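Student: Could you help me learn to read a protein model, one feature at a time?
Tutor: Gladly! Let's put it on the screen and start.

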Amino acid sequence: MTVPATDTPPGECPQCWQHAYDRRAHRHLKPREDCPQCVDHMVNGCPFLVPKKSSGWW
């Protein structure tokens with residue numbers, strides 16, 4: 001099953017999800033050019049914490 005890039009699952013970073021699954025995010029880059037936003041995410045980590053959906057059985 002494929003999930004559209006716009007439908008970020010609970011607990012996932014919207015930017016990480018979009019850059020991983022939406023080709024438009026990196027279309028402007030030249031061949032072998034790094035995405036500055038992705039590099040920033042790799043070096044500094046995700047800029048915010050996304051709450052995960054509760055398990056529901058507690």
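**Reading the model together**

Tutor: This is a predicted model, and the count of aromatic pairs in it comes to 1. The partners are tryptophan 17 and tyrosine 21, whose ring centres are 4.3 Å apart.

Student: How are the planes of the two rings arranged, and at how many degrees?
Tutor: Planes under 30 degrees apart count as stacked and those over 60 as edge-to-face, with the rest called tilted. Here the planes of tryptophan 17 and tyrosine 21 stand at 45 degrees, so this pair is tilted.

Student: Where do tryptophan 17 and tyrosine 21 sit along the chain?
Tutor: Both belong to helix α1, and because they are 4 residues apart there, about one helical turn separates them.

Student: Is tryptophan 17 buried or exposed? And what about tyrosine 21?
Tutor: The idea is to look at relative accessible area: under 20% is buried, and over 50% is exposed. Tryptophan 17 has 14%, so it counts as buried. Tyrosine 21 has 52%, so it counts as exposed.

Student: How many helices and strands does the chain have?
Tutor: There are 2 helices and 0 strands. Helix α1 covers 14-21, and a loop lies between α1 and α2. Helix α2 takes in residues 36-44.

Student: What is unusual to look for in that loop?
Tutor: Try the backbone angle phi. Arginine 32 is not a glycine, yet its phi is positive, about 65 degrees. Arginine 32 belongs to the loop between the two helices and is exposed, at 85% relative accessible area.

Student: Now charges. How many salt bridges are there?
Tutor: In general, side chains of opposite charge can pair when their charged atoms come close. In this model the count is 1 salt bridge. Aspartate 22 and arginine 24 form it through their side chains, with 2.9 Å from N to O.

Student: Which of those two partners is buried, and which is exposed?
Tutor: Aspartate 22 is the buried partner, with a relative accessible area of 11%. Arginine 24 is exposed, at 54%.

Student: I see several cysteines. How many disulfides do they make?
Tutor: A disulfide is a covalent bond between the sulfur atoms of two cysteines. The count here is 0.

Student: Why is cysteine 16 not bonded to cysteine 13?
Tutor: The two sulfurs would have to lie within 2.5 Å. The sulfur of cysteine 13 is the closest one to that of cysteine 16, but at 3.6 Å it is too far for a bond. Cysteine 35 is in no disulfide either: its nearest cysteine sulfur, in cysteine 38, is 3.8 Å away. As for accessibility, cysteine 16 is partly exposed at 33%, while cysteine 35 is buried at 7%.

Student: What can I say about the surface?
Tutor: Start with the whole chain: its accessible surface is about 5,300 Å², and carbon and sulfur atoms supply 56% of that. Then look for a patch. Val39, Met42 and Val43 make a nonpolar one of about 310 Å². Valine 39 lies in helix α2 and is partly exposed, with 31% relative accessibility.

Student: And how much of the chain is buried?
Tutor: Of its 58 residues, 17% count as buried. You can also ask how far apart in sequence the contacting residues are. Among contacts with a separation of 6 or more, 41% join residues 24 or more positions apart.

Definitions and conventions:
Residues numbered from 1 in each chain as written. Predicted model: local features only at pLDDT ≥ 70, side-chain atom pairs only at ≥ 80, totals over all residues. Heavy atoms only, no water. Buried < 20%, exposed > 50% of the residue type's maximum accessible area, 1.4 Å probe, protein only. Contact = heavy atoms within 4.5 Å. Areas by Shrake-Rupley, 256 points an atom, 1.4 Å probe, with all protein chains shown as cover. Patch = residues over 30% accessible without salt bridge, like charges linked within 9 Å, V, L, I, M, F, W, Y side chains within 5 Å. Salt bridge = Lys/Arg side-chain N within 4 Å of Asp/Glu carboxyl O. Phe/Tyr/Trp six-rings, centres within 6.5 Å; stacked < 30°, edge-to-face > 60°.
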